[in-house]
Amino acid sequence: MSDNTRWTNFNSIIDNEELHPKEKLLILTIFRYYSQEKGYSFPSKETLKKLCGITQDRDYYKYIKSLEVKKYLVKETLKGKGCKFYLK
């Protein structure tokens with residue numbers, strides 16, 4: 001992904017009025033950890049919560065589920081290891 005593509009994607013997230021501010025911050029943080037070589041993002045739940053100022057697990061899961069429903073990401077849970085996030 002070129003720098004121009006990354007900035008275009010970044011700007012489209014920021015400009016999106018459909019997303020709650022916490023959803024924007026969460027998806028931008030997930031986007032920050034995106035690996036082009038692997039094709040997914042793999043930050044830990046605790047990292048995402050800390051960087052996004054989310055204190056409750058229920059809020060974290062609510063925002064992740066909302067982003068999935070809105071088709072901004074797909075979450076693949078790896079039992080005992082964490083989650084892979086595929087950005088759409």
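Start by selecting Cys 83: its relative accessibility is 16%, so this residue counts as buried. Keep in mind as you look around that the model is predicted.

**Stop one: the cysteines**

With Cys 83 still highlighted, add Cys 52 to your selection. Which cysteine sulfur is nearest to that of Cys 83? The sulfur of Cys 52 is, at 14 Å away, and Cys 83 is in no disulfide. A disulfide is a covalent bond between the sulfur atoms of two cysteines. To count as one here, the two sulfur atoms have to lie within 2.5 Å. Cys 52 is in no disulfide either, as its nearest cysteine sulfur is that of Cys 83, 14 Å away. The count of disulfides by this rule is zero. Is Cys 52 buried or exposed? With a relative accessible area of 3%, Cys 52 is buried.

**Stop two: the aromatic rings**

Now colour the aromatic side chains. How many aromatic pairs does a search of the whole structure find? The search gives four. Begin with Tyr 40 and Phe 42, whose rings sit 6.5 Å apart, centre to centre. Turn the view until you see both planes: the angle between them is 80 degrees, making this pair edge-to-face. Show the surface next. Tyr 40 is buried, at 16% relative accessible area, whereas Phe 42 is partly exposed, at 40%.

Move on to Tyr 60 and Tyr 61, another edge-to-face pair. Their centres are 5.2 Å apart and their planes are 75 degrees from each other. Here Tyr 60 is buried, with a relative accessible area of 4%, while Tyr 61 has 41% and counts as partly exposed.

Before leaving the rings, select Tyr 86 together with Tyr 40 and Phe 42: ring pairs link these three residues into a cluster.

**Stop three: two helices in contact**

Switch to the cartoon view and select residues 45–52, which form helix H3, and residues 57–69, which form helix H4. How many degrees lie between these packed helices? The angle is about 95 degrees, and the axes are 11 Å apart. H3 and H4 are therefore roughly perpendicular to each other.

Zoom in on the side chains where the helices meet. From H3, pick out Lys 45, Glu 46, Leu 48 and Lys 49. From H4, add Asp 57 and two residues you have already visited, Tyr 60 and Tyr 61. Colour this contact by residue type, and you will find three nonpolar residues, four charged ones and no polar ones.

Methods
Residues numbered from 1 in each chain as written. Predicted model: local features only at pLDDT ≥ 70, side-chain atom pairs only at ≥ 80, totals over all residues. Heavy atoms only, no water. Buried < 20%, exposed > 50% of the residue type's maximum accessible area, 1.4 Å probe, protein only. Phe/Tyr/Trp six-rings, centres within 6.5 Å; stacked < 30°, edge-to-face > 60°. Axes fitted to C-alpha atoms, helices over the stretch in contact; angles between N-to-C directions. Helix = DSSP H or I, 4+ residues; strand = E, 2+ residues; numbered from the N terminus. Parallel < 35°, antiparallel > 145°, perpendicular 65-115°, else oblique. Contact = heavy atoms within 4.5 Å. Nonpolar A, V, L, I, M, F, W, Y, C, P; charged D, E, K, R; others polar.
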